[in-house]
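Thanks for coming. I have one structure to show today, and I will go from the overall fold down to single residues.

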Amino acid sequence: MTTPSTVQRIEMVLTEEISVGELTPGVRLDEARLAERFGVSRTPIREALNRLTAQGILVAGEKRGVFVAEYSREELSQIFEAMHEIEAACARIASQRLNLLSRAEIEHAQSECLAAAQSGDRAGYLRANEAFHMAIYKATGNPYMAEIATEFRRRTGPFRAKKFATAQDLIDSAESHRDLIENIFSEDSTTASNGMRSHMTASFVQTLKVN
């Protein structure tokens, strides 16, 4: 079994921190501080930052340094519009290709969401929520679709994270997964797709209120 390279490890950590809102839009990432944090030279840090910049997760500043990407409300609306379509497609395809393993993975991810929400663990819930959606992507059996969906989720992570301001927000979000799971497990592609559209629309409305 291969292990991630140093660059990949740094990239994965930073991506997760951005996707759950620990690194917020507009924050500058300092090479020297990151090198000290990860205990490496600046070379792998620079390569990881370059890779994230190429993905649009980070942007280069006018002066030296890179920053977590920021979007206008119009840009964010356009990104979410595309994300809605991809998420709905993932739910539709997942409902058609469900097996015992994918069902178990989705259910496990939901149990993690509920546990984090009930304990008021915001950071834990954000990570569990990402895992929940990625379990749905994986259930499509299409790694290319899963990759595209994951990219949009990473880009919007810092913006979506802002809507979870209270413990009740976490609980409400976790509870909203119940209907979505029921729709996907119905194995009716139209029901699954419509269920995801409703779920994403509610999420988008909440996100715009706080951004």
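I will take the chain as a whole, then the aromatic pairs, then three individual residues.

First, a caveat: this is a predicted model, and the values I quote are computed from it.

The chain has nine helices and three strands. Reading from the N terminus, the order is α-β-α-α-β-β-α-α-α-α-α-α. So how does the radius of gyration sit against what a compact globule would have? For 211 residues, the expectation is near 17 Å, and the chain comes out at 18 Å, so the two agree. If you prefer extents, the C-alpha trace spans about 50 × 45 × 35 Å along its principal axes.

On burial, 44% of the 211 residues count as buried. The accessible surface is about 11000 Å², and carbon and sulfur atoms contribute 51% of that. For contacts, take those with a sequence separation of 6 or more: 74% of them join residues 24 or more positions apart. As for charge, there are 25 positive and 29 negative charges, and their mean positions are 5 Å apart.

Next, the aromatic pairs. The structure holds three of them, and I will go through two. One is Tyr71 with Phe159, a tilted pair with 5.6 Å between the centres and 45° between the planes. Tyr71 sits in the loop between β3 (66-68) and α4 (73-97), while Phe159 belongs to helix α7, residues 143-161, so this pair ties together parts that are 88 residues apart in sequence. Is Phe159 buried or exposed? Its relative accessible area is 4%, so Phe159 is buried.

The other pair I picked is Tyr125 with Phe164. Here the ring centres are 5.5 Å apart and the planes are at 70°, so the pair counts as edge-to-face; the cut-off for that class is over 60 degrees. Tyr125 comes from helix α6, residues 122-139, and Phe164 from the loop between α7 and α8 (167-185), so the parts tied together are 39 residues apart in sequence. Both partners are covered: Tyr125 is buried at 0% relative accessibility, and Phe164 is buried at 5%.

Now the individual residues, beginning with Ala48. Ala48 is in helix α3, residues 42-54, and with 0% relative accessibility it counts as buried. What does Ala48 touch, leaving aside residues up to four places away in sequence? The answer is Val7, Ile10 and Glu11. To give a sense of distance across the model, the C-alpha atoms of Ala48 and Asp172 are 35 Å apart, with the two positions 124 residues apart in sequence.

Moving along the chain, Asn183 lies in helix α8. Beyond residues up to four places away in sequence, Asn183 touches Asp188, Thr191, Ala192 and Gly195. Its C-alpha atom is 8.2 Å from that of Ser193, a residue ten places away along the chain.

That leaves Glu187, which is in the loop between α8 and α9 (189-210). Its phi is near 65°, a positive value in a residue other than glycine. Is Glu187 buried or partly exposed? Glu187 has 48% relative accessibility, so it counts as partly exposed; the cut-off for exposed is over 50%.

That is what I have. I am happy to go back to any of these residues on the screen.

Technical notes:
Residues numbered from 1 in each chain as written. Predicted model: local features only at pLDDT ≥ 70, side-chain atom pairs only at ≥ 80, totals over all residues. Heavy atoms only, no water. Helix = DSSP H or I, 4+ residues; strand = E, 2+ residues; numbered from the N terminus. Rg over C-alpha atoms; globule rule 2.2 N^0.38 Å. Buried < 20%, exposed > 50% of the residue type's maximum accessible area, 1.4 Å probe, protein only. Contact = heavy atoms within 4.5 Å. Areas by Shrake-Rupley, 256 points an atom, 1.4 Å probe, with all protein chains shown as cover. Lys, Arg positive; Asp, Glu negative; His and termini not counted. Charge placed at Lys NZ, Arg CZ, Asp CG, Glu CD. Phe/Tyr/Trp six-rings, centres within 6.5 Å; stacked < 30°, edge-to-face > 60°.
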